[in-house]
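Reader: Before I rely on the assignments in this entry, I would like to go through how each one is justified.
Author: Then let us put the values beside the criteria, one after another.

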Amino acid sequence: MIELKDFSFRYREGSEPVLKDVNLIIPDGSFVGITGAAGSGKSTLTYALNGIIPHCYPGDYYGSVTVNGKDVLETSLIDLSRMVGSVCQDIDSQFVSPAVEDEMLYGLENFGVPREEVEPRIDEALTSMGIADLRDRMIDSLSGGQKQKVAIASILELKPEVLVLDEPTAELDPASSLNVFKLLSRYASEHGTTVVVVEQKIALLAEFASLLVVIDQGKIRYADSPAAVLTHSDELLELGVNCPRSTTLSNRLRRAGLYRGPACRNVAEAADAVMEMLS
């Protein structure tokens, strides 16, 4: 679905490239997690996927980025927006209407969706995110988690082939963050949508992603299954990525020759690993 070949980008006002020689293949229908320290280039990578780079942010662009076979550089932003739906980190800046229903109608009207499809699409998107009861609410009356879900629903109704989210749980508590990831994972599974999530909460990414990408100073340091990436917990910490304590524990047990299983992603897996070691 997505392929980056030798991709580098320097913003016009910058002195150094933010991304350098990035090579990455994202399979169709995969759930991809991207993480890294602040300023590592994560958001810039999402801009390259949805066409904001180079169509909105000019600069030095090298290599290629293709989405479903279409070169981002040669495809208009309008055409790209029909393939790639984006949810930005600053949710409030993404809303264009004061009411939830109007927000849901805005994208459908701009995309010229036939009138008979409008209601079914709105109903399906709101129901998929578990917020059908918010349709008549004003957006400024919603909680942070509810706003996140409305923003995601307003993109899902457009039925993009790719969904790109930049830190969708940054301001949410752990329970709400987990709920958003569950909803995204279920939707992706049911519709075959490719999902790319930039997130600092590596425990969530490790639980839901099929591919985990770690960016360090504009370069991809790791791109593999979560289990394979988490075996490098010490190296990740040096990069500014904090792994769960359960992961650190299982890796230390492995180095001591006491455990041979995969890196643990959560407390339950760590408990199983300890029980296995003691048996």
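Reader: What makes strand 1 and strand 2 a pair?
Author: In this predicted model, strand 1 (residues 2-11) and strand 2 share five bridges in the antiparallel sense, and pairing requires at least two bridges found by DSSP, so strand 1 and strand 2 count as paired. Within this pairing, I2 stands opposite I26 of strand 2.

Reader: How do you know that helix 1 packs on the sheet?
Author: Helix 1 (residues 42-50) touches strand 1, strand 2 and strand 4 (59-67), where a contact means heavy atoms within 4.5 Å; the direction of helix 1 makes about 120° with that of strand 1.

Reader: What joins strand 1 to strand 4?
Author: Strand 1 and strand 4 are linked by eight bridges in the antiparallel sense, and with at least two needed, the pairing is therefore assigned. E3, for instance, has T66 in strand 4 as its bridge partner.

Reader: Why are strand 4 and strand 5 called a pair?
Author: Strand 4 and strand 5 have two bridges, again antiparallel, and because the criterion asks for at least two, the pair satisfies it. T66 has D71 in strand 5 as its bridge partner. Strand 4 and strand 5 form a hairpin with two residues between them, and N68 in the turn has a positive phi of about 50°.

Reader: Which strands are the edges of the sheet?
Author: The four strands form an open, antiparallel sheet in the order 2-1-4-5, and strand 2 (19-26) and strand 5 (70-71) are called edge strands, as each pairs on one side only.

Conventions
Residues are numbered from 1 along each chain as its sequence is written. This is a predicted model: local features need pLDDT of at least 70, side-chain atom pairs count only at pLDDT 80 or more; totals for chains, interfaces and linings use all residues. Side-chain values use heavy atoms; hydrogens and water are left out. Axes are lines fitted to C-alpha atoms, for helices over the stretch in contact, and angles run from 0 to 180 degrees between N-to-C directions.
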